[in-house]
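Hi,

Here is the structure I promised to pass on. Have a look at it first, and my notes on the pockets and the sheet follow underneath.

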Amino acid sequence: MQILKAKFIITCDENFTIHKNACIAFDDKILSIGDESELKQRFKGANFSDLGNCIITPALINTHTHLEFSANKTQLIYGDFIAWLGSIVENGAKLACDDEIMQSSLNSMLASGVGTIGAISSFGKDLKILANSQARVVCFNEILGSNEAYAEQNFKAFNERFLQSSRYQNERFAPAISLHAPYSIHPKLAKMAIKFAKAKNLIISTHFMESLHEQRWLKNGSGKFRSHLKRFTPDPKPLYTKEGYFSMFSGVRTLFTHCVYESDFSAFESGLHSVTHCASSNRLLGKRALNLAKLKKANVSLNIGTDGLSSNISLNMFDELRNVLFTHQTSELNSMAKFIFLAATKGGAQALGLENGVLKAGKLVDIAVFAGFDEIEESALVTQLILHTKRALRLYVGGQRLI
């Protein structure tokens, strides 16, 4: 059993409670947050650490990243989604990652205080690194294929990768499924995948409404997507309407990633559907930001992902949070900082169906500790934390210290 004391403990609960000069007690679960003398009296014999002017928060949750694409530096084209997608196809061999590169990318996430990772696994090459990482992992095995003739073959290949990931399942590692996008998966294959997910009670992630090109393609089959998809089929046509694709996920816990060209969130199902915001990726691949005002109005849960290094320059979660903060310039700064920090903790836990992301008795002991806050105004605490943090001083996952 342990007791940690810090200058501030940010709980990320529904009231955004902040405890000052307080302690948190835990063993395999969080036991209590309170005064030092009180907790020492209640939990006699606990290992006590006074962390001074530090801030304790829930460990951060990166709900969407692609470790397998970590080799990219300057090979890809940014500024336009179709140009970028074409450069992915053309540079596929150069983007292949070895274990050392993927491990380095994973380490950079953990160093920034990330305790839970939503990993989109396209090929299964990242599987052992994720399973051995001691981080909490939801492994989204990706499935795609727009040619109906190969639907059975593609599903068989996916199922083999899913079985491999299932062998690593434990209290920290959970297999899940990712349907790539409405322009890249045939309805027959998508229905097979969703049926599979429902039967096994799996969480789904999918890229949705990421670009203007995708919006135009689904609406009327026009735009640059046609020329891109001719690489794979001689006469491409939209496989869905936007509404038709979205409707398939009814009743299923789903993370809809990007959604920057979605303007109506009223059909999203509370408690099941959430939106994953990848602000850096959205800026590099286009010009539009997620409409947070409409998201809030529809009471849709938000979570934060870095995406992969194919469309970002950093997997450090605080780099991403700063970019989110600066992207949404019309929002009041300090309230926005709290909103996105909740998205990176509580929102991620809600999206992934996990019992972490909040510091409260009974929750999982996924805790991050950040240093360097000798003098700080409490009303701007989270803003200053986001602006000035790069690394965690400590990181606990499941009560085990990783950093």
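What volume does the largest pocket have? About 940 Å³. Do keep in mind that this is a predicted model, so every value below was computed from predicted coordinates.

**The largest pocket**

If you want to find this pocket on your screen, go to F69, I88, E142, L144 and H180: out of the 37 residues that line the largest pocket, these lie nearest its centre. Which element gives the most to that lining? Helix α2 does, with 5 residues. At least two residues each come from α2 (81-90), β8 (136-143), α5 (151-166) and α8 (225-229). As for chemistry, the lining of the largest pocket splits into 18 nonpolar, 13 polar and 6 charged residues.

**The second largest pocket**

The runner-up has a volume of about 430 Å³. Its lining is made of 21 residues, and N299, V300, S301, L302 and Q350 are the ones nearest the centre. Here α13 gives the most, with 7 residues. The elements that supply at least two residues each are β12 (273-277), α11 (292-297), β13 (301-304) and α13 (333-352). By class, you will find 9 nonpolar, 8 polar and 4 charged residues in the lining of this second pocket.

**The sheet**

Some of those strands belong to a sheet, so to speak of it in order: how many strands does the open sheet have? There are 8, arranged β6-β7-β8-β9-β10-β11-β12-β13 with parallel pairing. At the edges sit β6 (60-65) and β13, each of which pairs on one side only. On average, neighbouring strands of this sheet are turned by 25 degrees against each other, ignoring direction.

That list ties the sheet to both pockets: β8 is one of its strands and supplies at least two residues to the lining of the largest pocket, while the edge strand β13 does likewise for the second largest pocket.

For a closer look at one pairing, try β9 (residues 173-179) and β10 (residues 204-208), which run parallel and are joined over 3 bridges. Which residue of β10 is the bridge partner of S178? That is S205. Lying across β8, β9 and β10 you will see helix α6 (residues 187-200), which runs at about 155 degrees to β9.

Happy browsing, and shout if anything is unclear.

Cheers

Terms used
Residues numbered from 1 in each chain as written. Predicted model: local features only at pLDDT ≥ 70, side-chain atom pairs only at ≥ 80, totals over all residues. Heavy atoms only, no water. 1 Å grid on protein atoms, 1.4 Å probe; cavity = no way out; pocket = protein on both sides within 12 Å on 5 of 7 lines; lining within 4 Å. Points joined across faces, edges and corners; volume = space filled by probe spheres on them. Helix = DSSP H or I, 4+ residues; strand = E, 2+ residues; numbered from the N terminus. Nonpolar A, V, L, I, M, F, W, Y, C, P; charged D, E, K, R; others polar. Pairing = 2+ DSSP bridges. Axes fitted to C-alpha atoms, helices over the stretch in contact; angles between N-to-C directions. Contact = heavy atoms within 4.5 Å.
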